[in-house]
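Let us walk through this structure together, one region at a time. Please keep the sequence and the 3D view open as you read.

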Amino acid sequence: MTKTLFVLCLCLAFLCSAALTPSLALTSDNWRPIGTADLDLKVPIVEKDADAEALFWEVRLNDDPQGDLIFNHYVRIKVFTDRGRESQSKIDIAFGKFSGREIKISDIAARTIKPDGSIVELKSEDVFERTIVKTSGLKVKVKSFAMPALEAGCIIEYRWREVRVNQSANYVRLEFQRDIPVHRITYFVKPYPFPGMAMSSITMHGSATTFTKAKEGFYSTTMVNVPAIHEESRMPPEDQVKAWMLLYYTMYEKIDPEKYWFDLGKRVYQNTKSLLKVNDDVRQAAASLTEGAKTDDEKLERLFNFCRTKIKNISDDASGMTADQRNKLKENKSPADTLKRQSGNAADIDLLFAALATAAGYDARIVLAPNRGDLFFDKAIPNSYFLDPSNIAVRIGDQWKFYNPGFNHVPVGMLRWQEEGTQALVTDPKQPAWTNIPLSPPEKSLIKRTARLRLSEDGTLEGDVEINYSGHFAIDKKEESDDDTANQREEALKDEIKVKMSTAELSGIRIENISDSSRPLVHAYHIRIPGYAQRTGKRLFLQPAVFQRGAAPLFSASVRKYSIYFHYPWSESDEVLIDLPPGYSLDNADAPASFGSSEISEYKPAISVTTDGRSIIYKRQFFFGRGGNILFPVTAYAQLKTYFDQLHKQDSHAITLKQSVAAVSSN
C-alpha cells in the first residue's frame with residue numbers, strides 16, 4: 001500500500017521536480033573488450049581483504065517526462081577468492097513494488113571470462129524469479145541467475161534494464177555504494193530541457209565528481225574507489241550510511257534553509273486550504289459522530305474510526321481493486337466527495353478526517369513529516385523531497401496530536417514507526433512550526449505469547465499457542481500480509497516457526513484481526529515438537545523459554561562499523577505452562593537471573609511449580625527502548641552486544657527434570 005499522500009498539494013508547493021528516462025538496452029553482442037590488465041589482476045585494490053571487486057559499474061539514463069524511468073546497468077567484477085566465487089555465483093536483482101512504486105527488470109545478459117580468456121555465456125532460460133529475506137527481515141522479489149563456470153580468478157560481467165514505472169517526473173536517487181567494493185562507478189544522464197530549470201544534485205555520504213559534459217547531450221559524474229556496504233544487524237537505513245546522490249531540477253542556485261522551510265510550510269497551507277473545505281454535509285456528519293462524547297480524545301477517536309471503517313480505502317492492496325479499477329474511479333475533489341461516495345484513497349481519507357475535526361471545532365493541519373525508515377532528516381538540507389505530507393495534526397489545548405486514518409493498520413494514538421520520533425513541520429498561513437512527533441512507549445508495541453503444553457517422556461512437546469501482536473509489531477505484520485490469501489499466511493507462519501525449530505509441526509492455525517487496526521493481530525495454533533527436550537538416563541533437560549528456542553544471538557559480529565538502530569521501543573510478555581510427564585519432577589530449582597534497568601531495558605524471567613507438582617510455569621517479561629533510546633553510537637556496541645548476549649544466554653537456560661524411583665520401578 002502506498003504511503004505517499006497529498007501528491008497534488010506537493011506539486012503545487014514544491015519548487016523542484018526531477019525526471020530521468022530511457023536509453024536503448026545494450027544488445028548481447030556488444031560487450032566491451034577485456035584487457036590483459038584486468039585478466040592478470042590478482043589482488044583487490046579498494047579493500048585489501050575483498051573477495052571480489054567491481055572493476056566498473058556504469059549506468060545510462062535519458063530524461064523523457066512522458067515515459068517510465070529507465071536505467072541501463074553494466075557491471076564488470078573480478079573474483080579473487082573461493083569466497084568471492086561463492087558470493088558472486090548467484091546474482092539477485094530486485095524488482096516488484098516498493099513503497100507503492102513498481103520496478104520491472106528485463107534484458108538480462110551475463111557472461112563469465114575465465115583466466116585464460118575463454119568465455120561462457122549465460123543462457124536466457126537460466127534466469128528465474130525468487131523471494132529473498134534480507135537481514136532487516138524485508139522480503140524482496142528478485143530476478144536471479146547463477147554465473148556459469150565461475151571460479152576464483154574469473155571476471156564476470158552482466159547487464160540489465162531497470163524500468164521504474166510511472167516515475168519519470170520524480171526525484172531520482174543514484175546509488176554509488178554497493179555490496180562489493182567498486183573501482184569506478186559512473187552515471188551518464190541526459191537532462192530534459194525544462195524552461196527556466198536546471199539539473200542539480202545533492203551527494204550524500206560520499207564525494208562524486210562534478211557533472212561534466214559527455215557525448216550526445218549526456219553529462220557524467222563518477223565516484224572512484226568506493227568501499228562496500230555490508231549489512232549489519234539493527235543498522236540504520238542503508239541510505240543513511242551509504243554513498244548516493246539525489247538528482248533533481250531547480251530554478252534556484254542557493255537557498256537559505258530556515259527561510260525555505262518557513263516558506264514551504266506557508267505555501268502548502270495555502271495550496272491545500274481547498275482540500276480541507278468543510279460544507280454542511282461534513283458539519284452534520286461531525287456533529288452526529290461526536291454527539292455524547294465527553295472528551296476531546298473520545299470525539300477525535302470517533303471521527304478517526306468513522307474514516308477508518310466507513311470509508312473504503314482504495315489505496316490499500318487488500319481492497320481487492322486493480323490499478324485499472326482505481327483509475328476509472330472519479331477523483332474526490334473535496335472531503336464532501338469522499339463522504340458522499342464513502343470511498344477514497346489514503347490522502348482523501350486523511351483529508352476527510354481533518355475536515356471533520358475542523359467541523360467539530362478543532363484546529364486541524366496537514367503535517368510534513370520525514371521518513372526515518374529511509375533516511376535521518378536534516379533541516380540543513382533545504383529540499384521538500386525529504387518531507388512527506390503524510391499525517392494530520394490536531395491541536396488539543398497547547399499540544400498537537402497526530403493521526404493517520406488513511407494508513408489502514410495504524411491505530412488511533414499512533415503513527416507508523418517511520419514517522420514517530422521525528423521533527424515534523426506543521427503547516428500554517430503565518431507561522432509554520434517544527435514540532436516533535438513522540439515515540440510510542442514500549443508498552444504500545446507488545447508481543448504477548450501464551451502456551452499450554454504437555455511434555456512427553458520421549459522429549460516431545462505438544463500443545464496450544466497464542467501470540468498477540470500490538471502496536472508497531474501488528475502494523476508491520478498486517479501490512480506485510482494483508483493482501484495474502486489465508487493459505488499464504490498459514491504457510492508463512494509455518495516457515496517462520498520452522499526457521500527456529502525445524503521439527504515443529506503446526507496444525508489448527510488461526511490468524512485473526514488482519515483488517516482490524518483496533519485489535520491485536522492474533523496467531524494461534526497447535527504445535528508438536530518431537531525431541532524438544534533432551535533425555536539422558538532418568539533425566540530430561542528442558543528449555544522453558546519455548547518462544548526463544550532456536551533464536552540466534554542478535555549481534556554475532558565482534559566488531560561494528562555502523563550505529564545500532566532499533567526501529568521502535570518494544571516489550572514482550574511470555575507465559576508458558578508445561579505439564580510434566582508422569583513420574584517426573586523438577587530436579588533443580590534455579591532460574592535465569594533478571595537484569596537491566598527500568599530506564600532503558602529490563603529482563604525478568606521466573607520459573608515456578610504448580611501446587612500439585614505436575615506442571616511448571618515459566619514467565620518472561622522484557623522491554624527495550626524506554627525514554628526513546630533506540631539509536632546508539634558504534635562506541636556503545638560492545639556494551640549492547642554484552643547485554644543481548646546475556647539475554648540470549650538466559651533465554652537458553654535449561655532446567656532438569658528427574659524421573660522418580662517409583663516411576664522407574666513401574667516401568
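What follows is a tour of strands, loops and charged side chains. Please bear in mind that this is a predicted model.

A good place to begin is strand 25, which spans residues 521-529. How many of its nine residues are buried? Seven of the nine are, so the strand is mostly covered, given that buried means under 20% relative accessible area. Strand 25 has pairing partners that you can trace in the view. Strand 23 (residues 461-469) runs antiparallel to strand 25, and nine bridges join the two. Strand 24 (residues 505-512) also pairs with strand 25 in the antiparallel sense, here over six bridges. Val522 is a handy landmark for both pairings: Asn468 stands opposite Val522, and Glu512 stands opposite Val522 as well.

The loop between strand 24 and strand 25 holds Asn513. Its backbone deserves a look, since phi of Asn513 is near 70 degrees, a positive value in a residue other than glycine. Most residues other than glycine have a negative phi. With a relative accessible area of 16%, Asn513 is buried, because the cut-off for that class is under 20%.

A second residue with this backbone feature sits elsewhere in the chain. His205 is not a glycine, yet it has a positive phi of about 60 degrees. You will find His205 in the loop between strand 11 (198-204) and strand 12 (212-213). Is His205 buried or partly exposed? Its relative accessibility is 38%, so His205 counts as partly exposed.

Next, move on to strand 27 (539-542). In a regular strand the side chains alternate between the two faces of the sheet. Strand 27 shows such an alternation: Leu540 and Leu542 point to one face and are buried, while Arg539 and Phe541 point to the other face and are not buried. Strand 26 (residues 534-536) runs antiparallel to strand 27, joined by three bridges, and Arg535 stands opposite Leu540. Strand 26 and strand 27 form a hairpin with two residues between them, and Gly537 in the turn has a positive phi of about 65 degrees. Strand 27 also pairs with strand 35 (residues 655-659), in the antiparallel sense and over four bridges. In that pairing, Leu542 stands opposite Ile655.

Following the chain onward from strand 27 brings you to Val546, in the loop between strand 27 and strand 28 (564-565). Val546 counts as buried because its relative accessibility is 8%. Which residue can we compare with Val546 across 105 residues of sequence? It is Asp651: the two are 8.8 Å apart in space, C-alpha to C-alpha.

Now let us turn to charge. Side chains of opposite charge can pair when their charged atoms come close. The structure holds 40 salt bridges. One of them joins Glu58 and Arg32, whose closest N and O atoms are 2.4 Å apart. This pair links distant parts of the chain, with Glu58 in strand 1 (residues 52-62) and Arg32 in the loop between helix 1 (7-13) and helix 2 (36-40), 26 residues apart. Glu58 is buried, because its relative accessible area is 9%, whereas Arg32 is partly exposed at 29% relative accessibility.

Another salt bridge joins the side chains of Asp263 and Lys259, at 2.7 Å from N to O. Asp263 and Lys259 are four residues apart in helix 5 (residues 257-272), so about one helical turn separates them. Asp263 counts as partly exposed, with a relative accessibility of 21%.

Lys477 and Glu496 form a salt bridge too, at 3.7 Å from N to O. Lys477 belongs to helix 11 (residues 471-481) and Glu496 to helix 12 (residues 486-500), so the pair ties together parts that are 19 residues apart in sequence. Lys477 is partly exposed at 24% relative accessibility, and Glu496 is partly exposed at 34%.

Salt bridges also form a network, which links Arg173, Glu175, Arg178, Glu238, Asp239, Lys242 and Asp374.

Our last stop is on the surface. There, Lys330, Lys333, Lys340 and Arg341 gather in a patch of positive charge. Among them, Lys340 lies in helix 9 (residues 335-341). Lys340 counts as exposed because its relative accessibility is 75%.

How values were computed. Residues numbered from 1 in each chain as written. Predicted model: local features only at pLDDT ≥ 70, side-chain atom pairs only at ≥ 80, totals over all residues. Heavy atoms only, no water. Patch = residues over 30% accessible without salt bridge, like charges linked within 9 Å, V, L, I, M, F, W, Y side chains within 5 Å. Areas by Shrake-Rupley, 256 points an atom, 1.4 Å probe, with all protein chains shown as cover. Salt bridge = Lys/Arg side-chain N within 4 Å of Asp/Glu carboxyl O. Lys, Arg positive; Asp, Glu negative; His and termini not counted. Charge placed at Lys NZ, Arg CZ, Asp CG, Glu CD. Buried < 20%, exposed > 50% of the residue type's maximum accessible area, 1.4 Å probe, protein only. Pairing = 2+ DSSP bridges.
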